[in-house]
Amino acid sequence: CEACEEPRPAAADNSEYAGYVVGEIKSMEDVAGKDKLRSLEVDVGKKSPLKIVTNAGNISVGNRVVVATAGSTVNDMLIKKTVVGGCPSEGMLLDPPALGWVGGGAGGAALVPASFELG
């Protein structure tokens, strides 16, 4: 772990987080007519980037974020491919509380260091 310089623990076999991946924001555009919505392309280590619409205000191109992909569950809500603000969205950026992290950050995307691998 970068913060404590201890070896990173092995990934837990926890289905609660199935479908959660690390992604890098490759592009970001404001959604026309929607004050806070942005349409993103997020590289999650697959053949093509995911299109995700978000209102997280703490993000920029190049940030690594935690993504719940379509088919995963966040707080008992199934994430589906959908249209938000007239734009396709294939997942959801997670905020720290959705991941069980403490210390604030509700409503903002959970940002992770560039050392975290995509996927």
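**Exercise 1.** Is Lys26 buried, partly exposed or exposed? Work this out, then trace the salt bridges around Lys26 in this predicted model.

*Solution.* Start with accessibility: Lys26 has a relative accessible area of 44%. Buried means under 20% and exposed over 50%, so Lys26 is partly exposed.

Next, look for the partner. The side chain of Lys26 meets that of Glu24 in a salt bridge, 3.4 Å from N to O. Glu24 counts as buried, at 16% relative accessibility.

Now follow Glu24 onward. A salt bridge of 3.1 Å, N to O, joins the side chains of Glu24 and Arg64. This pair links distant parts of the chain, with Arg64 in strand S4 and Glu24 in strand S1, 40 residues apart. Arg64 is buried too, at 15% relative accessibility.

**Exercise 2.** Find the salt bridge of Glu41 and say which strands it ties together.

*Solution.* First, the partner: the side chains of Glu41 and Lys51 meet at 3.2 Å, N to O. Then place both residues: Glu41 lies in strand S2 and Lys51 in strand S3, so the pair ties together parts 10 residues apart in sequence. Finally, check accessibility: Glu41 is partly exposed at 29%, and Lys51 is partly exposed at 35%.

**Exercise 3.** Identify the residues that touch the most other members of the largest nonpolar core.

*Solution.* This core has 13 residues, and the best-connected are Val42, Ile59, Val65, Val67 and Leu93. Strands S1, S2, S3 and S4 each give two or more residues to the core. To finish, take Leu93: beyond its neighbours within four places in sequence, its contacts include Leu40, Ile52 and Ala109.

Terms used
Residues are numbered from 1 along each chain as its sequence is written. This is a predicted model: local features need pLDDT of at least 70, side-chain atom pairs count only at pLDDT 80 or more; totals for chains, interfaces and linings use all residues. Side-chain values use heavy atoms; hydrogens and water are left out. A nonpolar core is a set of buried Ala, Val, Leu, Ile, Met, Phe, Trp, Tyr and Cys residues joined through side-chain atoms within 4.5 Å. Buried means under 20% relative accessible area, exposed over 50%, partly exposed in between (1.4 Å probe, protein chains only). Helices (H or I, at least four residues) and strands (E, at least two) are DSSP runs, numbered from the N terminus. Contact means heavy atoms within 4.5 Å. A salt bridge is a side-chain nitrogen of Lys or Arg within 4 Å of a carboxyl oxygen of Asp or Glu.
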